[in-house]
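Please look through the following report on a protein chain, which moves from the overall make-up to a few chosen residues. Keep the structure in view while reading.

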Amino acid sequence: MKKIFVLLLPLLALMSCGNTYIYDGFTVKSYNVHVDATDWQYTNTVANNYFYCVIDMPEISSFVFDKGEVNVYRVFNKNTRDEFKHILPDVLHCEDIIDNQTFLYTTTVDCIYGVGWVEFNYRASDFAYEYDVTINPKDMDFTIVITTKN
């Protein structure tokens, strides 16, 4: 019985972390990231502007970058019964009606990453934010999942 307890102890420790799983020779780690509306930065270049937010992600090591896999999901309705995730890129076709006039556009949320960092990007196909500086992306939640082979 003591041997079984000693063997189960590391497994219980992993389960208590809540974000690390060992499965079929792979280690899967997930990290929740919140980007506040005030965290978005504007590129402010000549054309094709977009918003971005860079976070430090030391968990993306050279080994992970070269041999692992990084998937990023946008989380909607966080901490509600209707919570769901969408793998990036998240492309949403939108329709706004303002003063009986219809505006059609597409928003895209995507990311790029390198060793030690992740950059989230937000773009709108109508580039309305180039003419109206009050437009800013809202708060967003993401889950970053890193998978490596043991």
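## A term to begin with

A residue is called buried when its relative accessible area is under 20%, exposed when that value is over 50%, and partly exposed in between. The model described here is a predicted one, and the term can be tried out at once on Val75, which has a relative accessible area of 5% and is therefore buried.

## The chain as a whole

The chain has 150 residues, of which 29% are buried. Its secondary structure consists of two helices and ten strands, and, read from the N terminus, these elements follow one another in the order α-β-β-β-β-α-β-β-β-β-β-β.

The accessible surface of the chain is about 10400 Å², and carbon and sulfur atoms account for 57% of that area. Among the contacts with a separation of 6 or more, 57% are made by residues that stand 24 or more positions apart in the chain.

## The sheet from β1 to β6

One open sheet is built from five strands in the order β1-β2-β10-β5-β6, with antiparallel pairing. Its edge strands, each of which pairs on one side only, are β1 (20–23) and β6 (84–87), and from one strand to the next the twist averages 30 degrees.

Within this sheet, β5 and strand β10 (residues 140–149) run antiparallel and are joined by seven bridges; as an example of residues facing each other, Asn71 stands opposite Val145 in β10. Val75 also has its place in strand β5. Leaving aside residues up to four places away in sequence, Val75 touches Glu83, Phe84 and Lys85, and also Asp141, Phe142 and Thr143. Between Val75 and Ile87, which are twelve residues apart in sequence, the distance from C-alpha to C-alpha is 8.9 Å.

## The sheet from β3 to β7

A further open sheet has five strands in the order β3-β4-β9-β8-β7, and its pairing is antiparallel. The edge strands here are β3 (41–42) and β7 (90–98), each pairing on one side only. Two bridges connect β3 with strand β4 (residues 51–57), and these two strands run antiparallel; Tyr42, for its part, has Phe51 in β4 as its bridge partner.

## A salt bridge

How many salt bridges does a search of the whole structure find? The search finds one, and in a salt bridge the side chains of Asp90 and Arg74 meet at 3.0 Å, N to O. Because Asp90 lies in strand β7 and Arg74 in strand β5 (residues 69–76), the pair ties together parts that are 16 residues apart in sequence. In general, side chains of opposite charge can pair when their charged atoms come close.

Are the two partners buried or exposed? Asp90 has a relative accessibility of 7% and so counts as buried, and Arg74, with a relative accessible area of 15%, is buried as well.

## A nonpolar patch on the surface

On the surface, Val54, Ile112 and Trp117 form a nonpolar patch, and together these residues have about 250 Å² of accessible area. One of them, Trp117, lies in strand β9 (residues 116–124). Trp117 has a relative accessibility of 31%, so this residue counts as partly exposed.

Definitions and conventions
Residues numbered from 1 in each chain as written. Predicted model: local features only at pLDDT ≥ 70, side-chain atom pairs only at ≥ 80, totals over all residues. Heavy atoms only, no water. Patch = residues over 30% accessible without salt bridge, like charges linked within 9 Å, V, L, I, M, F, W, Y side chains within 5 Å. Areas by Shrake-Rupley, 256 points an atom, 1.4 Å probe, with all protein chains shown as cover. Salt bridge = Lys/Arg side-chain N within 4 Å of Asp/Glu carboxyl O. Helix = DSSP H or I, 4+ residues; strand = E, 2+ residues; numbered from the N terminus. Buried < 20%, exposed > 50% of the residue type's maximum accessible area, 1.4 Å probe, protein only. Contact = heavy atoms within 4.5 Å. Pairing = 2+ DSSP bridges. Axes fitted to C-alpha atoms, helices over the stretch in contact; angles between N-to-C directions.
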